[in-house]
Structure formats: C-alpha cells, structure tokens
Amino acid sequence: MEGISLSLLIVVFIGAFIPLVEYLIAVPVGVILMDQPVIPVVMVAILGNTIGVILLVLLGEKIRTWLINRRKRQGLPEKENKRQERTKRYLEKYGMPGVGILGSFLLSSHLSAATAVALGVSKGYAIFWTVIGVVIWSIVFGIASVYASHWFEPLLGNVD
C-alpha cells in the first residue's frame, strides 16, 4: 500500500452515496480492490452514506407528500408496497433502533430510513438510528475487508 489517494476515496464516497451500493460494496472495493487504508475508506463511506440517507429522507418526504396529494386529487386510495410492509413489521418488532441497524444491512440504509419516515417515524429519529447502523456496519465491513484481502492475494497479487 502506497498511501491515500484522494481520487480513489472520492470513488468510495460516491459509491457509498448511491442507494443499494452504499458501504456494503464501497468499503470492500476501497480496501481490497483499490488498496486504500481501511480507516479513511470507512470514514469516507460513512460520510457518503450518511449524506445520501439525509438527502433521500428530506427529499423523499417532499416527494411522498406530493404523491399522496396527487393520489387524493385523483380519488385513488393510498397503498403500501412490499418494502413498506416489511419495514412496518420490523418497526413493530424491533423499533427504529432495530430498523436503523438491521435495515441498514438487510434492506438498504437509504431505503429503510426513507420507508420508516413514510410510515410515520420522525425524520431526525430515522436518520439518527440509520447513521448508527451505517457506522456499525461500515466498521464491520472494514474489518472483514482487511481480513478478506488475503483471500484475494492469488488473484490480485500481494495487497499488503
């Protein structure tokens, strides 16, 4: 490892910012494939993911309100989708701490936070617990990536 590359960390940031890519892919790619130090990669992934979650929650609420009002004007009933049903079950069973931590890994941090807000959880509470989940899982994926990098040595060469 030669050192930190700002351009590669920007790629990690953008990857973590994108829903469904997030830290789940950005951290291992940054550590294993881009050969960047784990601590900056994890920190940048947390930052990118957090900004993406906040923007999606804030914009998602405005979009949801617009869609609900449009459906009401057209006389159509409001309907829940499968993601909302799953998140609602998790909310009832584990509360927002469980959705924020487990949902960040099982569903997507962006989607679980936005869906929780759509189901009535306050924006701040949803963002707080989702960011806690993102921090936990980013650290876990960072540690796993350091150990997993040795599995890829035959394919990538020595990554140390």
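Begin by selecting Leu47, which is partly exposed because its relative accessible area is 48%, a value that falls between the cut-offs of under 20% for buried and over 50% for exposed, with a 1.4 Å probe and protein chains only. This is a predicted model, in which local features need pLDDT of at least 70 and side-chain atom pairs count only at pLDDT 80 or more, while totals for chains, interfaces and linings use all residues. Residues are numbered from 1 along each chain as its sequence is written, and side-chain values use heavy atoms, with hydrogens and water left out.

Leu47 sits in helix α3, where helices are DSSP runs of H or I with at least four residues, numbered from the N terminus. Next, select α1 (6–17) together with α3 (38–74), since each supplies at least two residues of a nonpolar patch. That surface patch covers about 1100 Å² and includes Leu6, Phe17, Leu47 and Trp66, and α3 gives the most to it, with seven residues.

Now add helix α2 (residues 22–33), which packs against α3 at an angle of about 155° with the axes 9 Å apart. That angle makes α2 roughly antiparallel to α3, a term used for angles over 145 degrees.

Finally, move to Gly98, which is found in helix α4 (residues 82–118). Is Gly98 buried or exposed? With a relative accessibility of 12%, Gly98 counts as buried. To end the tour, select Trp129 as well: the C-alpha atoms of Gly98 and Trp129 are 8.2 Å apart, although the two residues are separated by 31 residues along the chain.

Methods: Patch = residues over 30% accessible without salt bridge, like charges linked within 9 Å, V, L, I, M, F, W, Y side chains within 5 Å. Areas by Shrake-Rupley, 256 points an atom, 1.4 Å probe, with all protein chains shown as cover. Salt bridge = Lys/Arg side-chain N within 4 Å of Asp/Glu carboxyl O. Axes fitted to C-alpha atoms, helices over the stretch in contact; angles between N-to-C directions. Parallel < 35°, antiparallel > 145°, perpendicular 65-115°, else oblique.
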